[in-house]
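Please read the following report alongside the sequence and the model. It moves from charged pairs to a sheet and then to two single residues.

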Amino acid sequence: MANTVSGSLFKKMVTNGAINLKNNHQEINHLNVFPVPDGDTGTNMQMTMMAGVKEVSALDSKSIVDVSKILSRGLLMGARGNSGVILSQFFRGVYSEMAKIKNGSATVDEFIAALVGGYQMAYRAVMTPVEGTILTVVREAAENVLRERPKLKSVEDVLQCYLIQAQRSLDKTPELLPVLKQAGVVDSGGAGFIKIIEGMLLAAQGQTLALKQDVQEVPQHEEGFQGKNIEDFNIEFGYCTEFIVKLHNIQDFDQENLRNTLLQMGDSLVLVQDEELVKVHVHTNQPGVAITLGQKYGDLQTMKVENMRLQHGQVVDSLHEHDHNHDHKEESYQTVKEERSKYGVIAVCFGDGIKQAFKELGVDYIIDGGQTMNPPTEEFIKAVKAVNAENVIILPNNSNVILSAEQTLTLCEDENIRVLKTKSVGQGYASLMVFDNTQEVDDNIESMSEIISNMTTGELTYAVRDTEMNGVKIQKGDFIGISKGNILVSIPNRLEAIKGLLDSIVKETSEIVTLFFGKDVEESEVQLVKEYLLTINEDIEVEIINGKQDIYAYIVAVE
């Protein structure tokens, strides 16, 4: 029975927790409230955890202070979706308490203090904390440990006590959050967190878990992700080069000098400094020279060089390759500006046609994902650096991406960033209609926000399970129309379903309807939808965009 937690044991615990979550993440995905095919809480949480564990796996230190610090940093950069951000903040709170430890190992009391610090930090991360979520689970579990403290003799006792209450709290989430009760599920974020704690307890008891080989790292992505029409793409700089340097002396490091030199040698430069660590990503024809330049300032921690000309055109599924492919194949959407401009607009989009439409409205940098894959915080940091602008506006275009985008506000303190809380592609698209780069940033945000608050959006997708919500009976395979967090229609026929959705959201006072149709929808069907729209309101202006998106047959914006 362990009375202390060393850095080595803590590393084993969080690694085991991450593996237990990854092995079971599909089960967590299935707990999503809406019966839609992109339930991704489990995916977001396991990818966040694996990003953190990847960082600590390379760490030699036996100190729990160092391990928790590097874990926290890795999770922060890798955080995907609201659940991933909250999870990263929990472990950031754990580190804030661990940082006070003097001898490299945590006593039982110090470990308990870290669990309390974790829940407190997690609550602070969310502007309006909602009970009946992962937040309730982390808080009540820690409070139970504090109550039972006199009976707890070891680390195993603490985790066992923590886990018992976490499970009780999870089971109670439907009583606290009516939407869970209605859907007949417990909170998915809380369920994912329990998988982590189960793995941590097993490690404390001496049991090491193995990663199941049949667990897919990244779900099949939409067609747009595969990069259409890229066979003609000319790669000017052939090697994707990444390295991390631990600085010998932070004061002597001239970030601008290194940045300017690397910009002469290539493009797609991202240079991020976090205390003594400097992370560089650059596309260049001289990878060796780039790495040597970094080496002047300190010791290489990791390095990786990939030949993009060889990779070009291949479609890959693993997380590690996903990040790189994403860089290479979306090059036309992601260019690093060398001269600082007044505005840089970043948008999260999925579907080739949607990306193109956003690009045409003046978006400087598109992050691939949103509805089907929530991007990590690191992608936003990379984007902010790349647009190189006095004012940066981020359009997350998904309620589950807003928190990740907002992490840039603290992680890129020197930049003037505004995150417009766009919850759908429709909102983002409409807001760009009033964006004016000759106006001041606050005036733009005000007019863009006004458009968002006065419009309605809807999506049509399909149900992955039978359920009932707000009196609407939903059968697996039905097309379901969603607006403002409610499922309004559920009909087996797609054309009838989109008509039903439009009936609910288009009013006599509506002036413009923008319709993004998905890759499986025929133009002939879209014409029928347009004709139907004009029967609802003959004066309405209809804009039709071939969005080529997956999963969502139609995305609608009504102004």
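## Salt bridges and their surroundings

E256 counts as partly exposed at 42% relative accessibility, where buried means under 20% relative accessible area, exposed over 50% and partly exposed in between, with a 1.4 Å probe and protein chains only. The model is a predicted one, in which local features need pLDDT of at least 70 and side-chain atom pairs count only at pLDDT 80 or more, while totals for chains, interfaces and linings use all residues. Residues are numbered from 1 along each chain as its sequence is written, and side-chain values use heavy atoms, with hydrogens and water left out.

The side chain of E256 meets that of R259 in a salt bridge of 3.3 Å, N to O, the term standing for a side-chain nitrogen of Lys or Arg within 4 Å of a carboxyl oxygen of Asp or Glu. R259 is buried, with a relative accessible area of 17%. Because E256 and R259 lie three residues apart in helix 11 (residues 255-265), about one helical turn separates them; helices (H or I, at least four residues) and strands (E, at least two) are DSSP runs, numbered from the N terminus.

By this rule the count comes to 21 salt bridges, including the three tabulated here.

| Pair | Closest N to O distance |
|---|---|
| E256 and R259 | 3.3 Å |
| D109 and R149 | 2.6 Å |
| R494 and E525 | 3.0 Å |

The salt bridge between D109 and R149 links distant parts of the chain, since D109 belongs to helix 6 (residues 108-125) and R149 to the loop between helix 7 (134-148) and helix 8 (155-176), 40 residues apart. D109 is partly exposed, with a relative accessible area of 47%, and R149 is partly exposed as well, at 25%.

R494 and E525 also form a salt bridge, and this pair links distant parts of the chain, with R494 in helix 21 (residues 494-505) and E525 in helix 22 (residues 523-536), 31 residues apart. Both R494 and E525 are buried. Elsewhere, E131, R139, E140, E143 and K172 are joined into one network by salt bridges that share partners.

## A parallel sheet and its helix

Four strands, in the order 8-7-9-10, form an open sheet with parallel pairing, where two strands pair if DSSP finds at least two bridges between them. Strand 8 (365-368) and strand 10 (416-419) stand at the edges with a single partner strand each, so one side of each is left without a neighbour in the sheet. On average, neighbouring strands of this sheet are turned by 20 degrees against each other, direction ignored; axes are lines fitted to C-alpha atoms, for helices over the stretch in contact, and angles run from 0 to 180 degrees between N-to-C directions.

Strand 9 (residues 389-395) pairs with strand 10 in the parallel sense over four bridges, and the bridge partner of I394 in strand 10 is V419. Helix 16 (residues 377-387) packs on the sheet and touches strand 7 (341-349), strand 8, strand 9 and strand 10, its direction making about 165 degrees with that of strand 8.

## Two single residues

Q427 has its place in helix 19 (residues 425-433) and counts as buried at 11% relative accessibility. Leaving aside neighbours within four places in sequence, Q427 is in contact (heavy atoms within 4.5 Å) with K421, T422, I452, M455 and T457.

T4, found in strand 1 (residues 4-5), is partly exposed, with a relative accessible area of 39%. The C-alpha atoms of T4 and G104 are separated by 9.9 Å, although the two residues are 100 residues apart along the chain.
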